[in-house]
Amino acid sequence: MTSDNPPGAAGLAALRPVLPSPLAEVADERFARRGLRLLLKRDDLIHPDLPGNKWRKLEPNLNAAAAAGRRTLLTFGGAYSNHLRATAAAGRLLGFATVGVVRGEELADRPLNPSLAQCAADGMELRFVDRGTYRRKTEPEVLARLAPEGTFVVPEGGSNAAAARGCTALGRELHGVADVVGVACGTGGTLAGLAAGLAGGQRAIGFPVLKGGFLGAEVERLQREAFGGRRGDWTLDERFHFGGYARSSAELEQFAEDFGDRHGVPVERVYVAKLLFGLTALAEAGAFPAGTNVVAVITGAPHTDAPYTSAPYGACSSR
């Protein structure tokens, strides 16, 4: 159900996001013995329903939809998409109708998993499409069928030029604090904006959670669209995807459990565990000079319903 007046900046502000997000140093001997400081940028604490990069990427898109008078948001995701959940929650909180295009038409005849059930509970209309259609979702003729006229389309993962510009605030919040900032990457929008917002002398490392080697070109495309060209000092380290999206291993599971026990921070597995594993591996390999302040962006909290499949760690090595 939509409200009579779609929200703008005032509606978003009424949600009371915690910004800037908290920054906390943790004592980790794997970093300390190399003369490094490890700090956690707790974007997962920005908002209980729109945490982390979901808030930073959705906010400018929601404002754009409201400014254009659009009452319905349509977006895309898989069966366990955090982005779908966040968009559905935003619709519930702010009075937008929401439509989620879900990859996998075979799911239409199955009971909803907890992620999709939450989307439905928040009022999202779920449309299941075959994987071929999903791959072509950005083609104009396919998009025209999926999104009726007057619908505001938010891309998969929320990553577009507006989202990248929204994520520049994350970089600015780390001025004078970080030397190196690590962030897990799915669609590249957070890294594109983070790097653009950092100051000179700071650099960002993106840790893709999908395999394929395509993300560098995508980050550059987002930066061109958002800022007119490449911005900031950023690189990708593609060695820590553990076989692909939602893939894991006994080693990663053990690392995540141990990190959570050490520091009292539950570790989300699909993104954050791979980021922290990668940063720790780089620190132990001497990749950062002594005196470096390393910041890990914690983009989300764990969901107990997310699927994880194991892959041997050998699958994570560089191609």
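A residue counts as buried under 20% relative accessible area, as exposed over 50%, and as partly exposed in between. The exercises below apply this scale to a predicted model.

**Exercise 1. Classify R16 and F242, and state which backbone feature is reported for each.**

Solution.
Step 1. R16 has a relative accessible area of 71%. The cut-off for exposed is over 50%, so R16 is exposed.
Step 2. F242 has a relative accessibility of 0%. Buried means under 20%, and F242 therefore counts as buried.
Step 3. The phi angle of R16 is near 55°, a positive value in a residue that is not glycine. F242, also not a glycine, has a positive phi of about 55°.
Step 4. R16 belongs to the loop between α1 and β1, whereas F242 sits in the loop between β9 (234-236) and β10 (247-248).
Step 5. The loop between α1 (9-13) and β1 (23-26) also holds P20. The peptide bond leading from L19 to P20 is cis, with omega near -5°.

**Exercise 2. Determine which parts of the chain should not be read in detail.**

Solution.
Step 1. The average pLDDT of the protein chain is 91, and 92% of the residues score at least 70.
Step 2. Over residues 1-6 pLDDT stays under 50, and the model has 12 contacts beyond four places in sequence for this stretch.
Step 3. Over residues 308-319 pLDDT likewise stays under 50, with 34 contacts beyond four places in sequence.
Step 4. Predicted coordinates should not be read in detail where pLDDT is low. The stretches concerned include residues 1-6 and residues 308-319.

**Exercise 3. Describe the salt bridge between E173 and R56, and the helix pair α3 and α8.**

Solution.
Step 1. The closest N and O atoms of E173 and R56 are 3.0 Å apart, and the two residues form a salt bridge.
Step 2. E173 lies in the loop between α8 (161-172) and β7 (180-185), and R56 in helix α3 (residues 53-67), so this pair ties together parts that are 117 residues apart in sequence.
Step 3. With 24% relative accessibility, E173 is partly exposed; R56, at 3%, is buried.
Step 4. The axes of α3 and α8 come within 7 Å and cross at roughly 130°. That angle makes α3 oblique to α8, and the crossing is right-handed.
Step 5. On the α3 side, the contact involves R56, K57, P60 and N61; these meet A162, A163, G166, C167, A169 and L170 in α8. R56 thus appears both in the salt bridge and in the helix contact.

**Exercise 4. Place N53 of α3 in its surroundings.**

Solution.
Step 1. N53 is part of helix α3 and counts as buried at 10% relative accessibility.
Step 2. Apart from neighbours within four places in sequence, N53 is in contact with D43, T190 and T299.

**Exercise 5. Compile the salt bridges and the packing that involve helix α11.**

Solution.
Step 1. The whole structure contains 25 salt bridges. One of these pairs is E257 with R269, the closest N and O atoms being 2.6 Å apart.
Step 2. This pair links distant parts of the chain: E257 in helix α11 (residues 250-263) and R269 in the loop between α11 and α12 (272-284), 12 residues apart.
Step 3. E257 is partly exposed at 45%, whereas R269 is buried at 12%.
Step 4. R262 and D258 also form a salt bridge, with closest N and O atoms 2.5 Å apart. Since R262 and D258 are 4 residues apart in helix α11, about one helical turn separates them.
Step 5. Salt bridges that share partners join D28, E29, R30, D258 and R262 into one network.
Step 6. α11 packs on α12 at an angle of about 90°, with the axes 10 Å apart, which makes α11 roughly perpendicular to α12. The contact is made by E251, L252, F255, A256 and F259 of α11 together with A273, K274, L276, F277 and T280 of α12.

**Exercise 6. Establish the environment of A204.**

Solution.
Step 1. A204 lies in strand β8 (residues 203-208) and is buried, with a relative accessible area of 1%.
Step 2. Not counting residues up to four places away in sequence, A204 touches V181, L191, L194, A195, L198, D233, W234 and T235.
Step 3. H83 is 121 residues from A204 in sequence, and their C-alpha atoms are 23 Å apart.

How values were computed. Residues numbered from 1 in each chain as written. Predicted model: local features only at pLDDT ≥ 70, side-chain atom pairs only at ≥ 80, totals over all residues. Heavy atoms only, no water. pLDDT = per-residue confidence, 0-100. Contact = heavy atoms within 4.5 Å. Salt bridge = Lys/Arg side-chain N within 4 Å of Asp/Glu carboxyl O. Helix = DSSP H or I, 4+ residues; strand = E, 2+ residues; numbered from the N terminus. Buried < 20%, exposed > 50% of the residue type's maximum accessible area, 1.4 Å probe, protein only. Axes fitted to C-alpha atoms, helices over the stretch in contact; angles between N-to-C directions. Parallel < 35°, antiparallel > 145°, perpendicular 65-115°, else oblique. Left-handed = near helix turned anticlockwise from the far one by under 90°.
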